[in-house]
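Colleague: I should like to learn how to read the features of a structure of this kind. May we take them one at a time?

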Amino acid sequence: MPKAMNEIFDYLNGLFPEAGLAFDESVPCIIVPAASIKEVALQARDDQELLLDTLMCLSGVDNGDETLGVVYHLDSMTLRHKLTLKVIVPASDPHVPSVDRVWRIAEWHEREAFDLVGMIFDGNSDFRRILLPEDWEGHPLRKDYQVPEFYNGMKVPY
Amino acid sequence: MTESMEVLKEGIASGRLKTDELVLNMGPQHPSTHGVLRLELVLDGEIVVKVIPQMGYLHRCFEKHAENMTYPQVVPYTDRMDYLAGMNNNHGYVLAVERLMGIEVPEKVEYIRVIMAELQRIASHLVAIGTFGMDIGAFTPFLYCFRDREYILDIFERTCGARLLYNYMWVGGLSHDIYDGFLRDVADFIKKFRPTVVEVNNLLNYNKIFVERTANVGVLPRDVAVSYGCSGPMLRGSGVDWDLRRDDPYSIYDRFDWKVCVGDGSAGTLGDCWDRHMVRVWEMEESCKIIEQALESFPAEGDIASAIPKRIRPAKGEIYTRVENPRGELGYYLVADGSANPFRLKVRGPSFVNLSVIDEISRGHLIADLVAILGSIDIVLGEVDR
């Protein structure tokens, strides 16, 4: 049976009463504390009631208020429902546990989020930049990002 | 010769001769990587042990561009991601902004958008099929495919002036109305196009050499495809019945009668290169069916510009909108903060996601088969790197 997002929240909150999940109705999405994202993700994938078997999109966002967000858009190919999870971490200490063992594609999405926004995914099996050169400095999608004047002797702003 | 082979074998077996893995760079300037992609291959002789894709040669940071531009100014940049499917890219982006602002577009605009998106799908699949044949060594079908693609590009050119990068779909409407005779031209194209599919089937798709090269090569099992988030022909080739036009309907796709094409493994194993290729071939016929039905019920009246807002400033909010691009799920995660520029626009490109599975499905194959596998994934580097 496909479930609505608030039903999934009630269900997951019943399974993880200690985790401190919260429901944000305006989006809608479930806000998950960084420490419990991995267990919640695993449960969401394997639970017979949820079966959220694909991670369709993982986005990194700089919220502009000293916090960074990671947004997970999940989909169930069998039950045909969707779920949005959100993890919010402080920009000064942006550690998020990796979910690349839960959905394999997360490895590349997390590398991209690190590359452009700069959160650190602990446990990602191949954690390095993906789109920008390895020796690039900074993360361009941070709101406080300053475009460097030179990169390896080449002028950057054109 | 046999004697020296014996000596070699004995040397390896006894440990006196050392064998080692070889790292070989394929690309970034290699004709079969379809753009500037570099594959770092770890080889054991001619057998692929590991593939490490290195991307970013075409990176322009579209997402950074988008943050520094007003909402309508982003549209031309979406064309430049997947440059073979500009119409579909426009469609996804304008849908995201329209849903965020709650804009209902006129019926006529929806019809034109669907016709354009499906024509673009055919054009894109023609490139995929033609170049895939060429990767394998079949040159003639490529010419047939590109000849037919020209007809579509001519229709696009007469409508909006551009052949590749259209900036055609705007938030709330379209940049140009259709020209007199557009409907007739599209109907003519469908008539001209159908025999080509038969020709390409005879020349390429059921050709013994082609089948030998693609069947049982690069098998992508269903669960791996789902775990890697594959979409489009890649996912359907593995037997998963999933198409966003039907499963997460947008625009007016729910009004038409068509079916989702799924691979059946009839040439070899389910999920091999041949299945992925054939899903594209079959999908072109389904697109024809959608276009024909859209032409039949095309609304006579309508103003394409009536819903274009004077001021495009969505209220604070966020949305994830996705459309079925020729390569799979094209998603836009758009966060608005009430200003004239997007606060954050993340693109989930199907080529990027589909490419990630290449290591998994190429292990143990020959280098020549890797070329077939890469061709069957059908990536556009403009979108992988964005």
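Colleague: To begin, how many helices and strands has chain A?

Modeller: Please bear in mind that this is a predicted model. Chain A has three helices and nine strands. Read from the N terminus, its elements follow the order α-β-β-α-β-β-β-β-α-β-β-β.

Colleague: What does the C-alpha trace of chain A span along its principal axes?

Modeller: The spans are about 60 × 30 × 25 Å. Of the 158 residues in chain A, 39% are buried. Where contacts in chain A link residues at least 6 apart in sequence, 47% of them join residues at least 24 apart.

Colleague: Let us turn to the interface. How many residues of chain A are in contact with chain B?

Modeller: In general, the size of an interface is often given as the accessible area lost when the parts come together. Here I can offer residue counts: 23 residues of chain A are in contact with 25 residues of chain B.

Colleague: Which elements of chain A supply at least two residues each to the side that touches chain B?

Modeller: They are β3 (54-62), β4 (67-75) and α3 (106-116) of chain A. The most comes from β3(A), which gives six residues. By class, this side of chain A has 17 nonpolar, three polar and three charged residues.

Colleague: How should I read the packing of two helices, and at what angle do α5 and α15 of chain B cross?

Modeller: Two packed helices are described by the angle between their axes and the distance between the axes. In chain B, the axes of helix α5 (residues 107-136) and helix α15 (residues 367-377) cross at roughly 180° and come within 9 Å. α5(B) is therefore roughly antiparallel to α15(B).

Colleague: Which residues make that contact between α5(B) and α15(B)?

Modeller: From α5(B) they are Thr131(B), Phe132(B), Asp135(B) and Ile136(B), and from α15(B) they are Val371(B), Ala372(B), Gly375(B) and Ser376(B). By class, the contact has four nonpolar, three polar and one charged residues.

Colleague: Finally, which residues touch the most other members of the largest nonpolar core?

Modeller: In soluble globular proteins, nonpolar side chains tend to be buried together. The largest nonpolar core here has 148 residues, and Ile115(B) and Ile373(B) touch the most other members. α5(B) gives the most to this core, with 15 residues.

Colleague: What does Ile373(B) touch, leaving aside residues up to four places away in sequence?

Modeller: On that basis, Ile373(B) touches Val217(B), Gly218(B), Cys273(B), Ile358(B), Ile361(B), Ser362(B) and His365(B).

How values were computed
Residues are numbered from 1 along each chain as its sequence is written. Chains are lettered from A and ligands numbered from 1 in the order in which they are written. This is a predicted model: local features need pLDDT of at least 70, side-chain atom pairs count only at pLDDT 80 or more; totals for chains, interfaces and linings use all residues. Axes are lines fitted to C-alpha atoms, for helices over the stretch in contact, and angles run from 0 to 180 degrees between N-to-C directions. Helices (H or I, at least four residues) and strands (E, at least two) are DSSP runs, numbered from the N terminus. Angles under 35 degrees count as roughly parallel, over 145 as roughly antiparallel, 65 to 115 as roughly perpendicular and the rest as oblique. Two residues are in contact if their C-beta atoms, placed from the backbone, lie within 7 Å. Ala, Val, Leu, Ile, Met, Phe, Trp, Tyr, Cys and Pro count as nonpolar, Asp, Glu, Lys and Arg as charged, and the others, Gly among them, as polar. A residue is buried if 20 or more other C-beta atoms lie within 10 Å of its own, exposed if 12 or fewer, and partly exposed in between; C-beta atoms are placed from the backbone. A nonpolar core is a set of buried Ala, Val, Leu, Ile, Met, Phe, Trp, Tyr and Cys residues joined through C-beta atoms within 7 Å.
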